[in-house]
Amino acid sequence: MSFLTINNLTAHFGKRPVLRDVSLSVQTGEVCGLVGESGAGKSMIGKAVLGTLPLAIAATGGEIILDGVDLQSLMPKQRRQIIGAKTALIPQDPLTALNPSRRVGAQITNRLVDILGWRKAEAEHRALDLLGEVQIEDPERVMLCYPHELSGGMRQRLLIAAAFAAEPQLIIADEPTTALDVTVQKQILRLIKEMQARYGTALLFVTHDLGVVSKVCQKLLVLYDGMVLEQTSVEDFFTEPSHPYSKALLETTPKYTDPTGSLTPIPQEVLERARAQVAAYDRMQNHV
Amino acid sequence: MSETIYEIRDLRLSFKDMVHKSIFKPAPEIEVLKGLSFDIAKGDVVGIVGGSGSGKSTLGRAMVRLLDPSSGMIRFQGCDITHLNQEALRPLRRKFQMIFQDPMSSLNPRRTVFSIIASPLRLHNFDRVTLRVEEALDMVGLPRDFKYRYPHELSGGQRQRIGIARAIATEPEFILADEIVSGLDVSSQAQVLNLLEQLVRDLGLTLAFISHDLSVVRRLCQRTIVLYQGEIIEAQQTAKLFANPASAYTRELIEAIPLPNLDQDWI
């Protein structure tokens, strides 16, 4: 039984399609990667699930089923309650995600108290436990810090703690390690993976880094201009990607083990083919 | 060994720590570069790598004198530029150019591509400016009519090409590239790297390439300098560095790169 199912989701920016018939499902305890170049719409899927699409972009079709409930059929207030209770987000840039003028401790407990109605003492206790779980030393002191007093890695740990605080069943991680350097990235990936396994959370992992996908995900979707080109398991993808665009994307990723291998940009004919696929879909839509 | 283009000896640089400044005393100093010494030979492609806060960008900016070193010596083509004032530096600046990380903030949004590439040419009193701008666009593989465009009309990869065009327009000897591909998609990254490789070959440029991405450095650079907290912990031929890293930190940096393969034990 999958925890999140998206069926034929489409979204438009004015008349321009942003997501084209995206379907996916994530089981409890599964990590699903969303990859693609910038502008492919990978973040938009996460935002559509959380109901935080930019105002100019509207979900125009399809359904998002979270734990058996069709989110679009609900009233906004109910929808927010369900999303708030069952999902959480690990954002890309921890500095903009945290309020610079409030202590970080309050920002973790806030959600527990305001949205889930926990008692304050209870929430603080939970936050302290979690900071320990994400390997922050001296959690009492850190709780009282302001975001600017912490390093990038620390801030990202805090947001991971905040995301797991209410034990959500689905977490959307939107490029959680892009702003970090490699050694910290490894620690953070390990941490997300550990926490995810411990709580059995379903995880939707948005990234442009195929290396990262190969380490944390079980399956992945390759997006191009809002359209899913390939949906496959990580094993199949990294042994034999079926779509030429996926293959090109894999080849254009630099690997330090293969320094002499030519660094080929995605060839024009592959891009043409992906574009043609998108255009064919658009034509079909206009006829209906 | 061919001619040395950069000679750097015991380079130190500190910033004032305004966070911990008390009201009446001068601010304490934080030493960002702690006595760096190395040479760059003509035609070299040198990678400068390190984690965030290791001082790699500071080093780069000190090398092209966008920052003033506290002590030590920087010699560019035999000429001591450590404490030259801006006026004395100006004629030299033609010879060392910089490409910045974020092209959106390093290209003036209110100017056309033509005016962006032409301004250093005018500053250095070049003749036939229009022709030179067009040649620079040719070299970075952009159509000539791009000169009428504004930065916001271009994609990330194209913008970075404009940054490169501006840097090569003055026919420099040395180019410093500070994290120029980190904001790009893998495909545009490959294009920009290939372009850079080709320009280095065709124009006989010397290049210092600052990056946190060791895969890219492995691909592009012959020599690599690893910085950690403002000190050089390893400077080595890139191939040797990867085959047999001398310091534990370098090894850690290399092993932390997630390779796109099926080894999930890595984590």
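**Notebook: the A–B contact and selected helices**

Entry 1, the interface. I looked up the contact between the two chains and found 34 residues of chain A in contact with 29 residues of chain B. I note here that the model is a predicted one. On the chain A side, the elements that give two or more residues are α8 (182-199), α9 (210-216), α10 (234-239) and α11 (244-252) of chain A. I recorded α8(A) as the one that gives the most, with seven residues. By class, I listed this side of chain A as 14 nonpolar, 11 polar and nine charged residues.

Entry 2, α8(A). I then turned to α8(A) itself and checked its length. Its 18 residues, at 1.5 Å a residue, should span 26 Å, and I found the end C-alpha atoms 26 Å apart, so the two values agree. Next I asked which residues of α8(A) are buried. They are Val182(A), Val184(A), Gln185(A), Lys186(A), Ile188(A), Leu189(A), Leu191(A), Ile192(A), Met195(A) and Gln196(A). I traced what these buried residues pack against: within chain A, β3 (31-35), α7 (152-164), β7 (170-174), β8 (202-206) and α9. Their partners also include α10 (248-255) of chain B. Just past the end of α8(A), I noted a positive phi of about 60° at Gly200(A).

Entry 3, α12(A). I applied the length check to helix α12 (residues 268-287) of chain A. For its 20 residues the expected span, at 1.5 Å a residue, is 28 Å; the end C-alpha atoms lie 28 Å apart, which agrees. As to burial, I found α12(A) hardly covered, with two of its 20 residues buried.

Entry 4, α1(B). In chain B, I looked up helix α1 (residues 56-63) and found it mostly covered, with six of its eight residues buried. I listed these as Lys56(B), Ser57(B), Leu59(B), Gly60(B), Ala62(B) and Met63(B). Arg65(B), just after α1(B), takes a positive phi of about 60°.

Entry 5, a helix pair in chain B. I examined how helix α4 (residues 113-123) and helix α6 (residues 156-169) of chain B pack, and found an angle of about 25° with the axes 8 Å apart. Because angles under 35 degrees count as roughly parallel, I entered α4(B) as roughly parallel to α6(B). The crossing of α4(B) past α6(B) is right-handed. From α4(B), I listed Val113(B), Ile116(B), Ile117(B), Pro120(B) and Leu121(B), which meet Ile162(B), Ala165(B), Arg166(B) and Ala169(B) of α6(B). I classed the residues of this contact as eight nonpolar, no polar and one charged.

Methods: Residues are numbered from 1 along each chain as its sequence is written. Chains are lettered from A and ligands numbered from 1 in the order in which they are written. This is a predicted model: local features need pLDDT of at least 70, side-chain atom pairs count only at pLDDT 80 or more; totals for chains, interfaces and linings use all residues. The expected span of a helix is 1.5 Å times one less than its number of residues. A residue is buried if 20 or more other C-beta atoms lie within 10 Å of its own, exposed if 12 or fewer, and partly exposed in between; C-beta atoms are placed from the backbone. Two residues are in contact if their C-beta atoms, placed from the backbone, lie within 7 Å. Ala, Val, Leu, Ile, Met, Phe, Trp, Tyr, Cys and Pro count as nonpolar, Asp, Glu, Lys and Arg as charged, and the others, Gly among them, as polar. Axes are lines fitted to C-alpha atoms, for helices over the stretch in contact, and angles run from 0 to 180 degrees between N-to-C directions. Angles under 35 degrees count as roughly parallel, over 145 as roughly antiparallel, 65 to 115 as roughly perpendicular and the rest as oblique. A crossing is left-handed if the near helix is turned anticlockwise from the far one by less than a right angle, and right-handed if clockwise.
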